[in-house]
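Colleague: Thanks for sitting down with me over this one. Could we go through the fold and the packing together, with the cut-offs spelled out as we go?

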Amino acid sequence: MANKQKEICFLCGKTRSEVNQLLKGKFGYICSDCVQEAYRVLNENEEEISHNVQLATPRQIKEYLDLYVIGQNEAKRTLAVSVHNHYKRISQSKKSDVEIQKSNVLLIGSTGSGKTYLAQSLAKFLGVPFVIADATTLTEAGYVGDDVESILLTLLQNADFDNKLAEKGIVYIDEIDKIARKGDNMSITRDVSGEGVQQALLKIIEGSVVRVPLSGGRKHPQGECVNLDTSNILFICGGAFDGLEKIVHKGADSKPIGFGADIQKPNEKLFNLANVQQKDLVKYGLMPELIGRLPVVTTLQPLSEDDLVKILTEPKNALTKQYKELLAMDGVKLEFETDALKRIAELAIKKEIGARGLRSIIEKAMQDVMYSVPDMADVKKVVVTPGVIDGIEEAVVLGSRNKKIA
């Protein structure tokens with residue numbers, strides 16, 4: 001009889017006679033009603049978790065970026081910390097009285113230094129919707145061009161129109177420097193793609209509920225729109241900011257005096273984060289309010305020849321690895337001579353196109369090889385020389401026992 005009295009659910013206290021089933025465990029009983037309730041709660045939690053980005057540590061984020069992005073260690077560290085804090089902010093307990101502000105990022109670096117690729121790699125690692133927008137295509141509302149809301153529409157599309165997922169995405173706005181005011185004074189004429197666009201971007205970057213037209217066109221009273229809260233969307237803006245170094249150097253407080261002074265030319269002074277201040281960006285033509293919404297500023301250094309060679313060979317998706325894989329499918333081994341890789345890097349630096357231009361150079365050089373080799377019999381190995389890169393000679397094609405094939 002004593003045993004019967006103990007047969008109660010340890011969660012709700014119901015007896016065997018009050019429930020359909022009472023399950024016995026090592027430390028007591030649980031009823032079928034509590035099992036069903038637990039199952040319901042777990043399912044609700046899974047739905048919530050599906051909209052929460054995995055909170056990786058800054059070190060884990062940087063280690064992932066290292067697999068794909070060569071160099072730019074300072075920028076990678078800064079981005080890793082900023083992204084970690086951003087998504088930690090999203091998961092912040094609602095009970096907390098402390099309001100953590102968004103850590104939107106401004107990347108300053110020359111063309112081909114890796115700004116866009118850093119943002120892409122981040123989104124891939126985090127598994128969140130991502131969109132790249134070009135600031136130069138945006139115009140103030142009412143003019144021919146793209147409204148800033150078109151950026152959010154693309155983000156929604158990339159999230160399969162899942163609002164909650166889109167609201168945790170990443171937006172990269174490239175060439176933000178191209179919409180800077182020309183000069184310190186505001187123009188009395190309408191600035192279609194400058195001041196007005198900065199104002200429009202400010203609205204979505206700082207965090208607000210935006211009506212996004214699903215048609216992709218202009219907003220219309222009868223058009224179908226969806227409300228999107230941008231408070232938790234991470235915005236990363238990038239630009240080359242050509243000429244900014246002159247403003248930075250001109251505004252330097254310390255000036256060398258005397259015969260023993262270390263006089264540096266502007267292009268010899270290291271252009272890094274410590275040199276760039278908010279007032280320099282304002283003088284360049286960005287609105288103080290917009291800069292205030294981009295609190296994290298970091299610079300990317302121009303890539304050296306060694307950096308470009310590493311980009312060609314070391315990342316998991318390196319261009320040379322891609323071509324080797326393609327020819328390996330035909331049973332052919334591909335080899336790039338060291339001087340050939342250096343030549344590709346030299347051309348990219350000479351053309352001032354950075355890492356972005358590596359693909360076009362290598363695509364052009366490899367075109368004949370990729371066209372001819374699949375039809376050639378007994379090919380075992382192809383060697384790419386500097387002459388192939390310059391387009392003055394053909395690649396060395398070898399058969400069995402390294403015998404050259406004409």
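**A walk through the model**

Modeller: Happy to, and we can begin at Thr230, which is found in the loop between strand 7 (225–229) and strand 8 (234–239). Helices (H or I, at least four residues) and strands (E, at least two) are DSSP runs, numbered from the N terminus. This is a predicted model, where local features need pLDDT of at least 70, side-chain atom pairs count only at pLDDT 80 or more, and totals for chains, interfaces and linings use all residues. Residues are numbered from 1 along each chain as its sequence is written, and side-chain values use heavy atoms, with hydrogens and water left out.

Colleague: Is Thr230 buried or exposed, and what is its relative accessible area?

Modeller: Buried means under 20% relative accessible area, exposed over 50%, and partly exposed in between (1.4 Å probe, protein chains only). Leaving aside neighbours within four places in sequence, Thr230 is in contact (heavy atoms within 4.5 Å) with residues including Lys102, Leu152, Lys203 and Phe235. Thr230 is buried, and its relative accessible area is 0%.

Colleague: Which side chains of strand 7 point to the buried face?

Modeller: The side chains alternate along strand 7. Cys225, Asn227 and Asp229 point to one face and are not buried. The other face has the buried pair, Val226 and Leu228.

Colleague: Which residue is the bridge partner of Pro213 in strand 7?

Modeller: Strand 6 (residues 209–213) and strand 7 run antiparallel, joined by five bridges. Two strands pair if DSSP finds at least two bridges between them. In strand 7, the partner of Pro213 is Cys225.

Colleague: In what order do the five strands of the open sheet come?

Modeller: The pairing in this sheet is parallel. Its edge strands, each pairing on one side only, are strand 4 (130–134) and strand 9 (296–300). The twist averages 20° from one strand to the next (axes are lines fitted to C-alpha atoms, for helices over the stretch in contact, and angles run from 0 to 180 degrees between N-to-C directions). The order is 4-5-8-3-9.

Colleague: At about what angle does helix 6 run to strand 4?

Modeller: Helix 6 covers residues 149–158. It lies across strand 4 and strand 5. Its angle to strand 4 is about 155°.

Colleague: Which residues touch the most other members of the largest nonpolar core?

Modeller: A nonpolar core is a set of buried Ala, Val, Leu, Ile, Met, Phe, Trp, Tyr and Cys residues joined through side-chain atoms within 4.5 Å. The largest has 44 residues, and apart from it lies another core, of 32 residues, Leu303 and Ile389 among them. In the largest core, the residues that touch the most other members are Leu106, Ile173, Leu201, Phe241 and Leu244.

Colleague: How far apart in sequence are the parts that the pair of Phe241 and Tyr284 ties together?

Modeller: Rings of Phe, Tyr and Trp (its six-membered ring) pair if their centres lie within 6.5 Å; planes under 30 degrees apart count as stacked, over 60 as edge-to-face and the rest as tilted. Phe241 and Tyr284 are both buried, and their pair is tilted, at 5.2 Å centre to centre and 55° between the planes. Phe241 lies in the loop between strand 8 and helix 9 (244–250) and Tyr284 in helix 10 (residues 278–284), so the parts they tie together are apart in sequence by 43 residues.
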